[in-house]
Each structure stands twice: as structure tokens, then as C-alpha cells.
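Hi,

Here is the structure I promised to send over. Have a look at it first, and then read on for what I found in it.

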Amino acid sequence: MTTKGTSGKSAGNPESRTALVRRARRINRELAEVYPYAHPELDFENPFQLLVATVLSAQTTDLRVNQTTPGLFAKYPTPEDLAAANPEEVEEILRPCGFFRAKTRSVIGLSKGLVEQFDGEVPGRLEDLVTLPGVGRKTAFVVLGNAFGRPGITVDTHFQRLVRRWRWTEATDPDKIEAAIGTLFPKGDWTDLSHHVIWHGRRICHARKPACGACPIAPLCPAYGEGETDPEKAKKLLKYEKGGFPGQRLNPPQAYLDAGGRPAPPLGAG
């Protein structure tokens, strides 16, 4: 548990491609056991809500988005409603999310695009989604994987950090990371893999001080030791349900609740 991983550590004895694939898939299997209830941490009831929420999640937490979107969707439940909205009124609702003016332009713009180009329906194709204002590949894959069941790899900041720590790739460009990781796993694993990696990055393998001493995949990690290795001290670094705190969704899936997870509080509560 607290032994430093040796795979790919020595420049004189580099990890073979076969060994890398085996180690990567084992890490994913182990994370699937740690987070069997892993899910998108944005509250949504339909593809439109997920699309808007994902756009709003840039440079803020999913928790803050989840606390903000109930008011937004109560007032503007459809693309037609949001497309015709007064920008100043939308800005006031989105203010807690940060960059609220730019995000207002994006969500109103993408809503207009949905109405004008797709009859008010969120398209289920990557090439269509990325034509909408504020929608890049990362956002598109979140929507495709979680609203349409179409596999995709979500390369957010957590995903980028962890796959580089694990030496699955040395790439820094998100598109190149996506392509490299896609070759290590069957396509059908991509969406759940994204959840597992992102959940681990948020809860244990943090950017500044990873909780190495509390990490279930420490023996497989070439970067073990970058963070706190003392088990008791590491436990204090754990976030969300691993540290006894609520998750990021106000309305999480039942499997999460059954596993002991707790809903996040609404905006202004607590």
C-alpha cells in the first residue's frame, strides 16, 4: 500500500508498451472498485441541462454550478426560453459561477444555435456539438458519454494531471492526451474511465498535495511520494465523501447515496 511503484521508473529500463497497457487497465479496475458509484458530478435531467451545466463548469467547481443551475432552469427550462432571455437577467443568476458575462453569452448563444440549427434538440454527434458557442471537445464528450451513452474521454485538468503522473502519456495538449489514452483502453471503457480518473483527482490525487499515504493505487503509481505518505496525515487531506464531506451534486444518483455519500447543500445553505 505504501510501497513506491516501480513501473516505468528507470530510464535504463523503460516500461514496455504491453506493461503500460496492463498497468493502466489495472489502475482503472482498482479505481472502479474504489468508486463503483462514480458519475458525472453535474446535476442534470436532460441533455440540454447537462450541456449548459458543463459549459458553466469552466473555471469553477461543479458544486457551484449545481447550486446555480436550479434557478436558471426554473426560469429558462428549454433552449427556446434561454435563447430569448434578457442577458442581464441571466448574468444575475450566473454571477456565483464566475466569468458570468462570458458564460451568459455562451449559454444564450448555444441555445440560439440549438433552436436555429437543431430544432431545439441537443445533437448526439461530436461534429454537431462543437459548432455551438462555448462547446469544445471536452464538453461534447461529457454530453455524449453521459446523456447519449456514446463513449468519450473527458480531458479536464484532473485527468491531465493524473495520466501524466501515472506516465500514461507525456503529452500536454488535451487532444493529444485524448488520443494517447484512447489507445490504452477499449472504447467502451472511455466514459467510465474518465469518471474514475476525475473522481480520484478530486478526492485523493490532488494537484498541490496528493494524499499518497491514503491512495489505493500507490503500488502502481510512478509518482508515489510526491505528496503526503504518512497514512494518518494523508487521510486528513481526503475530500468529499472520502473525507466525510458531501459530494458535489444536490441530487446525486441513488447508488451514491446507498454507498454513504451525501448530497451537497443548495446555494446559501450552511
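**What I found**

Arg-202 counts as buried, because its relative accessibility is 13% and the buried class covers anything under 20%. I start with this residue since it is a charged side chain of the kind counted as positive. Arg-202 sits in helix α11. Leaving out residues up to four places away in sequence, Arg-202 touches Glu-41, Asp-62, His-158, Lys-239, Tyr-240 and Gln-248. As for distances, the C-alpha atoms of Arg-202 and Ile-27 are separated by 16 Å, with their positions 175 residues apart along the chain.

Before going further, please keep in mind that this is a predicted model. The average pLDDT of the protein is 94, and 95% of the residues score at least 70. The stretch to watch is residues 6-11, where pLDDT stays under 50. The model has 9 contacts beyond four places in sequence for that stretch. Where pLDDT is low, the predicted coordinates should not be read in detail.

**The overall picture**

What is the fold built from, helices or strands? The protein has 13 helices and 0 strands, so the pattern along the sequence is simply α repeated, from α-α-α onwards to the end. The C-alpha atoms fill a box of roughly 60 × 40 × 30 Å along the principal axes. For 270 residues, a compact globule would have a radius of gyration near 18 Å, and the 20 Å found here agrees with that.

Of the 270 residues, 50% are buried. Among contacts with a separation of 6 or more, 61% are between residues 24 or more positions apart. The exposed surface comes to about 12900 Å², and carbon and sulfur atoms supply 50% of it. On the charge side, there are 36 positive and 31 negative side chains, and the centres of the two sets lie 9 Å apart.

**Helices α2 and α8**

Helix α2 covers residues 47-56 and is mostly covered, with 9 of its 10 residues buried. The buried ones are Phe-48, Gln-49, Leu-50, Leu-51, Val-52, Ala-53, Thr-54, Val-55 and Leu-56. These residues pack against α3, α4, α5, α6 and α8.

Gln-49 is the one I would look at here. Its relative accessible area is 11%, so Gln-49 is buried. Beyond four places in sequence, Gln-49 touches Phe-44 and Phe-73. Phe-44 itself is in the loop between α1 and α2. Apart from neighbours within four places in sequence, Phe-44 is in contact with Gln-49, Leu-50, Asn-146 and Arg-249. Phe-44 and Pro-252 are 208 residues apart in sequence, yet their C-alpha atoms are 9.8 Å apart in space.

Helix α8 runs over residues 137-147, and its buried residues are Thr-139, Ala-140, Phe-141, Val-142, Val-143, Leu-144 and Gly-145. Which helices do they pack against? The partners are α2, α7, α10 and α11, so α8 links up with both the Gln-49 helix and the Arg-202 helix. After α8 comes Gly-149, with a positive phi near 70°.

**Two loop residues and one more glutamine**

Two residues other than glycine also have positive phi. Gln-59 has a phi of about 60° and is found in the loop between α2 and α3. With a relative accessible area of 67%, Gln-59 is exposed. Phe-99 has a phi near 50° and lies in the loop between α5 and α6. Is Phe-99 buried or exposed? At 51% relative accessibility, Phe-99 counts as exposed, because the exposed class begins over 50%.

Finally, Gln-160 has its place in helix α9, residues 157-165. Not counting residues up to four places away in sequence, Gln-160 touches Val-155, Thr-172, Pro-174 and Ile-177. Gln-160 and Leu-56 of α2 are 104 residues apart in sequence and 20 Å apart in space, C-alpha to C-alpha.

Best wishes

Conventions: Residues numbered from 1 in each chain as written. Predicted model: local features only at pLDDT ≥ 70, side-chain atom pairs only at ≥ 80, totals over all residues. Heavy atoms only, no water. Helix = DSSP H or I, 4+ residues; strand = E, 2+ residues; numbered from the N terminus. Rg over C-alpha atoms; globule rule 2.2 N^0.38 Å. Buried < 20%, exposed > 50% of the residue type's maximum accessible area, 1.4 Å probe, protein only. Contact = heavy atoms within 4.5 Å. Areas by Shrake-Rupley, 256 points an atom, 1.4 Å probe, with all protein chains shown as cover. Charge placed at Lys NZ, Arg CZ, Asp CG, Glu CD. pLDDT = per-residue confidence, 0-100.
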